[in-house]
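User: Take me through the terms used for this model. I want each label set against its cut-off.

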Amino acid sequence: MIRVRGLSKSFNGQKVLDAIDFDVATGEIVAVLGPSGTGKSVLLLHLIGLMTPDSGEVDIDGVQVSRLPEHALLKFRRNVGYLFQDSALYDFMTVEENLAFPLREHGGLKAAEIKSKVREFLEMVDMADAGMKYPSQLSGGMRKRAALARAMVTGSKVLLCDEPTSGLDPIRSRDISFLIKGLSKKLGCTTVITTHDVKNAFRCADRAMVLHEGRIVIDGVEQKLRASTDPFVKEFLE
Ligand SMILES: Nc1ncnc2c1ncn2[C@@H]1O[C@H](COP(=O)(O)OP(=O)(O)OP(=O)(O)O)[C@@H](O)[C@H]1O
Ligand SMILES: [Mg+2]
């Protein structure tokens with residue numbers, strides 16, 4: 001379960017997050033929606049402790065993320081799957097090596113076990129034939145799928161996806177949205193995705209929140225958001 005309370009962050013006097021509160025229940029998928037530059041990535045970076053709040057708390061499965069010392073943060077991050085906005089695969093490693101890397105970091109697995117885990121997750125994202133390829137040899141959609149497999153391969157129960165459909169055509173965007181939903185539910189992950197792609201957000205998420213001027217202006221299921229009379233929400237959802 002993710003609990004965020006009073007989360008605030010400013011840069012150079014500009015308030016990007018202004019006392020944000022929300023919960024994500026265990027096993028739930030929530031989308032954080034908002035136009036470019038509203039602070040979606042900043043919010044996600046706080047969840048994984050790559051940014052420290054000016055004030056407020058982030059609690060993930062009982063861990064006070066915002067208060068962890070550096071060594072504990074490194075350990076905590078290993079248990080959170082993070083799909084970066086630009087996929088962030090290691091260019092000098094094949095897809096298989098990209099997946100094996102976090103498994104080795106985790107420790108405790110024999111070479112044969114790592115190999116079979118890597119194969120299992122590549123199959124889940126329909127990349128079984130591309131394990132020997134380098135990221136530069138993949139299409140954008142394949143890179144996203146490989147990055148998703150890498151984010152999940154260690155069995156993390158928390159999955160954070162920053163703009164999973166950015167740079168993808170409508171078909172690949174739909175595919176990755178359903179893939180995130182399917183895998184997240186299958187593996188029992190508590191998942192947060194950020195996006196400005198409303199259509200795909202609702203394909204994937206159980207619930208969505210709209211971020212505007214540092215605040216969550218609405219939080220609920222698709223029907224609730226669609227029925228909103230708030231001018232900003234209405235305009236954004238169109
Ligand atoms: N490290 C930083 N230092 C200073 N300002 C920052 C930093 N990171 C983010 N910002 C500012 O915070 C605001 C929100 O940025 P953020 O990247 O979270 O937006 P976003 O909603 O993810 O946008 P996009 O949809 O384009 O990814 C922007 O004005 C950005 O310039
Ligand atoms: Mg962003």
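User: What makes residues count as the lining of the second largest cavity?

Analyst: In this predicted model, local features need pLDDT of at least 70, side-chain atom pairs count only at pLDDT 80 or more, and totals for chains, interfaces and linings use all residues. Residues are numbered from 1 along each chain as its sequence is written, chains are lettered from A and ligands numbered from 1 in the order in which they are written, and side-chain values use heavy atoms, without hydrogens and water. A cavity is a set of points on a 1 Å grid over the protein atoms alone, where a 1.4 Å probe fits but cannot get out; lining residues have an atom within 4 Å of a point. Gly141, Lys144, Arg145, Leu168, Arg172, Asp175 and Ile176 meet that for the second largest cavity. Helix 5 (140-152) and helix 6 each give two or more residues to this lining. Helices are DSSP runs of H or I, at least four residues; strands are runs of E, at least two.

User: How do you know where the second largest cavity lies relative to the domains?

Analyst: Domain 1 (2-79 + 157-237) and domain 2 (91-155) both give residues to its lining, so the second largest cavity lies between them. The bounds come from an automatic or database domain assignment.

User: How are the residues of that lining divided into nonpolar, polar and charged?

Analyst: The split is 2 nonpolar, 1 polar and 4 charged. Asp, Glu, Lys and Arg count as charged; Ala, Val, Leu, Ile, Met, Phe, Trp, Tyr, Cys and Pro as nonpolar; the others, Gly among them, as polar.

User: What volume does the second largest cavity have, and what does the largest have?

Analyst: About 40 Å³ for the second largest. About 50 Å³ for the largest. A volume is the space filled by probe spheres set on the points, with grid points joined across faces, edges and corners.

User: Why are Ser41 and Gln85 called donors to the magnesium ion (ligand 2)?

Analyst: Ser41 (OG) and Gln85 (OE1) coordinate the ion at 2.0 to 2.7 Å. Donors are N, O and S atoms within 2.8 Å of the metal (3.2 Å for Na, K and Ca), so both qualify. Water is not among the atoms, so sites may look incomplete.

User: Why is Ser41 called partly exposed?

Analyst: Its relative accessible area is 25%. Buried means under 20%, exposed over 50%, partly exposed in between (1.4 Å probe, protein chains only). Ser41 therefore falls in between. Gln85, at 37%, is also partly exposed.

Conventions
On a 1 Å grid over the protein atoms alone, a cavity is a set of points where a 1.4 Å probe fits but cannot get out, and a pocket is an open set with protein on both sides within 12 Å along at least five of seven lines; lining residues have an atom within 4 Å of a point.
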